[in-house]
Amino acid sequence: IGQMKRELGDLGFDPLKWSKRPSFDLKKSQLSELKNGRLAMIGIASIFANHAIPGSVPLLTGFYATQPEKTATSASSAFC
């Protein structure tokens, strides 16, 4: 186990045979996928950070991450 004769990340799944085209650059495609994955992880981490510490990510503060305003409850019934 772990002694396979293949490149890292090459699982052999290419049903449309896109990597067999003459103009296809496998290294460039792998690098772009790696960068895209890293950006996605940074984005998710920033959403979690803004949820844990409100206001820690300035661009997310105004959209949905603000805490709801607390209304003062009175002793009287809310149905009247």
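**A pocket, a patch and one helix**

The largest pocket has a volume of about 350 Å³. It's lined by 13 residues, and those closest to the pocket's centre are Asp-10, Phe-13, Asp-14, Ser-19 and Leu-26. Sorted by class, the lining of this pocket is a mix: five residues are polar, four are nonpolar and four are charged. Keep in mind that the model is a predicted one.

Now for the chain as a whole. The protein chain has 80 residues, and just 5% of them count as buried. About 8,000 Å² of the chain is exposed, with 64% of that area supplied by carbon and sulfur atoms. As for secondary structure, the tally is quick: there is one helix, and there are zero strands.

That helix, α1, covers residues 26–52, and Ile-47 is found in it. How exposed is Ile-47? Its relative accessibility is 34%, so Ile-47 counts as partly exposed, since that label goes to values between the 20% limit for buried and the 50% limit for exposed. Ile-47 also belongs to a nonpolar patch on the surface, where its partners are Ile-44 and Phe-48. Together, the three residues of the patch have about 300 Å² of accessible area.

Past the helix, things look like this. Leu-59 sits in the segment after α1. With a relative accessibility of 72%, Leu-59 counts as exposed, because the cut-off for that label is over 50%. What separates Leu-59 from Ser-46 in space? Their C-alpha atoms are 10.0 Å apart, while along the chain the two residues are 13 residues apart.

Key
Residues numbered from 1 in each chain as written. Predicted model: local features only at pLDDT ≥ 70, side-chain atom pairs only at ≥ 80, totals over all residues. Heavy atoms only, no water. 1 Å grid on protein atoms, 1.4 Å probe; cavity = no way out; pocket = protein on both sides within 12 Å on 5 of 7 lines; lining within 4 Å. Points joined across faces, edges and corners; volume = space filled by probe spheres on them. Nonpolar A, V, L, I, M, F, W, Y, C, P; charged D, E, K, R; others polar. Patch = residues over 30% accessible without salt bridge, like charges linked within 9 Å, V, L, I, M, F, W, Y side chains within 5 Å. Areas by Shrake-Rupley, 256 points an atom, 1.4 Å probe, with all protein chains shown as cover. Salt bridge = Lys/Arg side-chain N within 4 Å of Asp/Glu carboxyl O. Helix = DSSP H or I, 4+ residues; strand = E, 2+ residues; numbered from the N terminus. Buried < 20%, exposed > 50% of the residue type's maximum accessible area, 1.4 Å probe, protein only.
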